[in-house]
Amino acid sequence: MPEYTTYKVWDAGTRWFHWVNFICVLGLSFVGLIILNGAYFEPSVQTKINLKVIHVWIGYVFSANILWRIIWAFFGNRYARWKAILPGGRGYFTAVKSYVTTFVRGTPQFYIGHNPIGRIAVLLLLLSLITQATTGLVLAGTDIFYPPFGGYFASWIAAPGVVAQDILPYASELYEQSAYQSMRAFRKPFIVVHLYNFYLLSSLILLHVLAVVVSEQKGENGIISATISGRKSSDQTPQDKPLE
């Protein structure tokens, strides 16, 4: 019988980020797809506004959670920090080659934290998440005039004699139409990026889930359970240094 050793890996801050992010992505995807396909549902104007308000409020939690993870990467444990979650550093490419070789053989090397390929996935996912959050905050200002940019866009399109605080979504009588069209032109690249990055992010998440399942099948036990317990167990010697 092999002897398994249990190692501490993901601290509470990292685990909370993971599951809050998971819930937010599910919620944003669900509401966002309803908004995107609104023509099929023919919702009323007020329903459209309500859906966008829900989407934006979930987006605030999503954005704050990403900001938390960025900050936590400076203060969390060894495996939560930038040096351990992003690709690069001395010997990184050698580690990638060694890991891929053992993975193909069916006996992947054991890492307590992210393995070398997993670090590439983390970088791609973080960039996509940050892009989605940033473009979403801009669109929240252009669609329903919510913070942090809503006041600016409301001032931009307000008709003469209308104050920015009185601007409402879908209230075209309050808009100066040429300014509104200019604002919509400014908005267009943000919504294009937001839409296509959603497809990219969805693809990255599916690949991430698939990679985790395949890795578990190849003997990298505890990847999934560690996001709950914060611990991994293995009968192999880890390639990265354990926490003391």
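Colleague: Where is Val-192 found, and what makes the patch it belongs to a nonpolar one?

Modeller: Val-192 sits in helix α8. This is a predicted model, and in it Val-192 joins Leu-33, Leu-36, Ile-191, Tyr-196 and Tyr-199 in a nonpolar surface patch of about 530 Å². Val, Leu, Ile and Tyr are among the side chains that count as nonpolar for a patch, and residues need over 30% relative accessible area to take part.

Colleague: Which elements give two or more residues to the nonpolar patch?

Modeller: They are α1 (12-36) and α8 (177-217). Helix α8 supplies the largest share, four residues.

Colleague: Why are α5 and α6 called roughly perpendicular?

Modeller: The axes of α5 (residues 92-105) and α6 (residues 116-143) cross at roughly 115° and come within 8 Å. Angles of 65 to 115 degrees count as roughly perpendicular, and therefore α5 and α6 are given that name.

Colleague: Which residues make the contact of α5 with α6?

Modeller: From α5 come Tyr-92, Ala-95, Val-96, Tyr-99 and Val-100. From α6 come Pro-116, Ile-117, Arg-119 and Ile-120. By class, eight are nonpolar, none is polar and one is charged. Arg counts as charged, so Arg-119 of α6 is the charged one.

Colleague: How do you know that Lys-52 forms a salt bridge with Asp-143?

Modeller: The closest N and O atoms of Lys-52 and Asp-143 are 3.8 Å apart. The cut-off is within 4 Å, so the pair qualifies as a salt bridge. Lys-52 lies in helix α3 (residues 45-75) and Asp-143 in helix α6, so the salt bridge ties together parts that are 91 residues apart in sequence. The structure holds two salt bridges.

Colleague: What makes Phe-145 and the peptide bond from Pro-147 to Pro-148 worth a remark?

Modeller: Phe-145 has a positive phi of about 60°, although it is not a glycine. The bond from Pro-147 to Pro-148 is cis, with omega near 5°. Most residues other than glycine have a negative phi, and most peptide bonds are trans. Phe-145 is in the loop between α6 and α7, and Pro-148 is found in the loop between α6 and α7 (150-157).

Definitions and conventions. Residues are numbered from 1 along each chain as its sequence is written. This is a predicted model: local features need pLDDT of at least 70, side-chain atom pairs count only at pLDDT 80 or more; totals for chains, interfaces and linings use all residues. Side-chain values use heavy atoms; hydrogens and water are left out. Axes are lines fitted to C-alpha atoms, for helices over the stretch in contact, and angles run from 0 to 180 degrees between N-to-C directions. Angles under 35 degrees count as roughly parallel, over 145 as roughly antiparallel, 65 to 115 as roughly perpendicular and the rest as oblique. Contact means heavy atoms within 4.5 Å. Patches are made of residues with over 30% relative accessible area and no salt bridge: like charges are joined within 9 Å, nonpolar side chains (Val, Leu, Ile, Met, Phe, Trp, Tyr) within 5 Å. Accessible areas come from the Shrake-Rupley method with a 1.4 Å probe; for residues, only the protein chains shown count as cover. A salt bridge is a side-chain nitrogen of Lys or Arg within 4 Å of a carboxyl oxygen of Asp or Glu.
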